[in-house]
Amino acid sequence: MVLTSVAVTGLAAGALGVPVGVALHGWVLPAMGDSVGLRLPESVMSVYHGAELLTPALGGLLIAAVGALLPAGWAARARTATALRTE
C-alpha cells in the first residue's frame with residue numbers, strides 16, 4: 001500500500017515535472033543568452049526529444065519507490081492491531 005501510494009505520487013511528479021522542466025529550459029536559456037548579448041543556436045535549444053523524456057519521468061518513479069522501501073518495510077512488520085490502534 002505504501003509503495004503504491006508513492007508510485008502514484010512519483011508518476012504524477014514525473015508527468016508534471018518533466019514538461020515543466022522542458023518549458024523552463026526553453027524560457028531560461030534564451031533569457032540567459034540575451035542577458036549577455038548572445039543568440040543561442042538551435043542545437044543548444046533543441047536538446048530534448050520525445051523518447052529521451054521518458055527516462056527522467058521513470059527515474060522519478062524509481063527514486064520515489066526506493067525512498068518508500070524503508071517506510072514500507074516498517075509498515076509490513078507492524079502488527080495490524082497495533083497499527084489500527086495508533087491511527
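**Exercise 1. Find which residues of helix α1 are buried, and what they pack against.**

Solution. The model is predicted. Start with the extent of the helix: α1 covers residues 2-35. A residue is buried when its relative accessible area is under 20%. In α1, the residues that count as buried are Gly10, Gly14, Val18, His25 and Gly33. Next, look for their partners: these buried residues pack against α2 (42-45) and α3 (54-77).

**Exercise 2. Compare the length of α1 with the expected span, and say what follows the helix.**

Solution. Count the residues of α1, which come to 34. At 1.5 Å a residue, a span of 50 Å is expected. From the first C-alpha to the last, the helix reaches 46 Å, close to that expectation. After α1 comes Gly37, with a positive phi near 80°.

**Exercise 3. Classify Leu16 and Leu24 as buried, partly exposed or exposed, and name the surface patch they belong to.**

Solution. Both positions are in the helix: Leu16 lies in α1, and Leu24 is found there too. The cut-offs are under 20% for buried and over 50% for exposed, with partly exposed in between. Leu16 has 59% relative accessibility and therefore counts as exposed. Leu24 has 43%, so Leu24 counts as partly exposed. Now turn to the patch: Leu16 and Leu24 join Val20, Trp27, Val28 and Met32 in a nonpolar patch on the surface. Together these residues have about 630 Å² of accessible area. To place Leu16 relative to another part of the chain, take Ala51, which is 35 residues away along the chain. The C-alpha atoms of Leu16 and Ala51 are separated by 16 Å.

**Exercise 4. Describe the fold and decide how the chain compares with a compact globule.**

Solution. First list the secondary structure: the chain has four helices and zero strands. Along the sequence this reads α-α-α-α. Then take the radius of gyration, which is 20 Å for the chain, whereas a compact globule of 87 residues would have one near 12 Å. The dimensions of the C-alpha trace can be set beside this value: about 65 × 25 × 15 Å along the principal axes.

**Exercise 5. Describe the burial, surface and contacts of the chain as a whole.**

Solution. Begin with burial: 13% of the 87 residues count as buried. The accessible surface comes to about 6,600 Å², and carbon and sulfur atoms account for 72% of that area. For contacts, consider those between residues at least 6 apart in sequence; 66% of them join residues at least 24 apart.

Terms used: Residues are numbered from 1 along each chain as its sequence is written. This is a predicted model: local features need pLDDT of at least 70, side-chain atom pairs count only at pLDDT 80 or more; totals for chains, interfaces and linings use all residues. Side-chain values use heavy atoms; hydrogens and water are left out. Patches are made of residues with over 30% relative accessible area and no salt bridge: like charges are joined within 9 Å, nonpolar side chains (Val, Leu, Ile, Met, Phe, Trp, Tyr) within 5 Å. Accessible areas come from the Shrake-Rupley method with a 1.4 Å probe; for residues, only the protein chains shown count as cover. A salt bridge is a side-chain nitrogen of Lys or Arg within 4 Å of a carboxyl oxygen of Asp or Glu. Helices (H or I, at least four residues) and strands (E, at least two) are DSSP runs, numbered from the N terminus. Buried means under 20% relative accessible area, exposed over 50%, partly exposed in between (1.4 Å probe, protein chains only). The expected span of a helix is 1.5 Å times one less than its number of residues. Contact means heavy atoms within 4.5 Å. The radius of gyration is taken over C-alpha atoms; the globule rule is 2.2 Å times the number of residues to the power 0.38.
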